Amino acid sequence: MPSAKHETVSELFRQRPVLAAEILDGALGLPLPAFREARLRSENITDDRLAELRADAVIEFREDGRVFAVIVEVQLGNDPDKHFSWPAYLMGLRARLKCTVILLVICPDKATARWCGRTIDCGHPGMTLTPLVVGPGNVPHVTDGAQAAANPELAVLSALVHGSGPSGRKVLAALPSAYPVLDDDHRARYHDLVNAALPEVARRYLEEQLTLKGYEYQSDFARKYFDDGKAEGKAEGRSEAAARMILAVLRGRGLCVTDEVRERIVGCGDFEQLMFWHERSLSVASAKELFD
């Protein structure tokens with residue numbers, strides 16, 4: 001099952017389909033045909049006559065008619081099966097849409113990016129596939145607040161990849177400028193994803209930047225998300241939302257959540273306690289450590 005991190009990075013492209021073209025043209029320098037619009041298609045690669053294959057995102061770029069399509073895959077680790085499925089993705093979608101199809105793989109870490117960039121020998125003479133990979137080496141460094149506001153999804157991807165690196169402070173200082181552009185749901189999801197990926201020092205620096213720009217610290221930021229108006233003043237509704245967020249953060253960080261841990265979190269009706277656990281969920285080494 002895809003992790004919360006995998007799903008949230010995929011959502012960056014579903015939320016802003018043109019991001020795929022911006023990365024291909026900008027980060028990878030790939031000349032693209034002119035297009036007027038970018039829109040999502042079903043992630044199903046094949047039709048009903050073949051076994052179903054599903055990509056993380058499929059984006060169709062159009063002018064007067066269909067021009068080209070991009071398959072976006074988010075890869076968080078090595079998976080040898082992808083060397084068999086990725087060629088099938090390309091050929092299946094090409095046959096279905098009758099147009100040029102490009103494979104774009106997003107990898108937040110260097111080792112996975114190197115693995116994904118290997119040329120795949122498809123077996124037929126002369127038929128190989130070298131995926132186009134975006135990793136830490138070529139994800140743009142979004143360090144300007146205006147750029148972050150113009151492309152909030154790219155700013156989130158930049159913070160996720162570069163937030164703890166040499167340019168981390170500049171990237172994290174720009175990130176809050178993207179928040180007003182996002183709706184409440186995506187702002188909270190993206191913020192928690194970035195927070196979970198940052199070391200303690202970088203996370204505190206981001207909190208300082210949020211404060212300077214009028215946002216409150218992470219725990220209070222989360223409170224605003226949990227209290228969406230419908231649940232305002234209703235402790236039970238807020239507690240349920242808080243419990244869901246804690247579980248999402250733990251799973252997104254790849255931590256094992258046992259039935260015992262899940263039941264304790266879901267069964268807690270104390271919103272203040274849940275807020276404390278939510279803060280700890282961003283840094284604990286194991287889910288059980290949440291309660292220490």
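This briefing describes a five-stranded sheet, a helix that crosses it, and a pair of packed helices. The model is predicted. The sheet is open, with strand order S1-S2-S3-S4-S7 and mixed pairing. Helices H8 and H9 pack with their axes 9 Å apart.

**Sheet layout**

- Strands S1 (37–41) and S7 (132–134) stand at the edges of the sheet; each has a single partner strand, so one side of each lacks a neighbour in the sheet.
- From one strand to the next, the twist averages 30°.

**Strand pairing**

- S1 pairs with S2 in the antiparallel sense, over five bridges. In this pairing, Arg39 stands opposite Glu60 of S2.
- The pairing of S2 with S3 is also antiparallel, and it extends over six bridges. Glu60 stands opposite Ala69 in S3.
- S2 and S3 form a hairpin, with three residues between the two strands.
- S3 (residues 66–74) and S4 (residues 100–106) run parallel and are joined by seven bridges. Ile71 stands opposite Leu103 in S4.

**Burial of strand S2**

- Six of the six residues of S2 are buried, so this strand is largely enclosed by the rest of the structure.
- In a regular strand, side chains alternate between the two faces of the sheet.
- Both faces of S2 are covered. Ala57, Ile59 and Phe61 are buried on one side, while Val58, Glu60 and Arg62 are buried on the other.

**Helix H2 across the sheet**

- Helix H2 (residues 19–26) lies across S2 (57–62), S3, S4 and S7.
- Relative to S4, H2 runs at about 85°.

**Helices H8 and H9**

- Two packed helices are described by the angle between their axes and the distance between the axes.
- For H8 (residues 184–197) and H9 (residues 200–212), the packing angle is about 145° and the axes are 9 Å apart.
- The contact brings His191, Val194 and Asn195 of H8 against Arg203, Leu206 and Leu210 of H9. By class, three of these residues are nonpolar, two are polar and one is charged.
- H9 has 13 residues and spans 19 Å from its first C-alpha to its last, close to the 18 Å expected at 1.5 Å a residue.
- The buried residues of H9 are Ala202, Arg203, Tyr205, Leu206, Glu207, Gln209 and Leu210. Among them, Arg203, Leu206 and Leu210 also meet H8.

Terms used
Residues numbered from 1 in each chain as written. Predicted model: local features only at pLDDT ≥ 70, side-chain atom pairs only at ≥ 80, totals over all residues. Heavy atoms only, no water. Axes fitted to C-alpha atoms, helices over the stretch in contact; angles between N-to-C directions. Helix = DSSP H or I, 4+ residues; strand = E, 2+ residues; numbered from the N terminus. Contact = heavy atoms within 4.5 Å. Nonpolar A, V, L, I, M, F, W, Y, C, P; charged D, E, K, R; others polar. Expected span 1.5 Å × (residues − 1). Buried < 20%, exposed > 50% of the residue type's maximum accessible area, 1.4 Å probe, protein only. Pairing = 2+ DSSP bridges.
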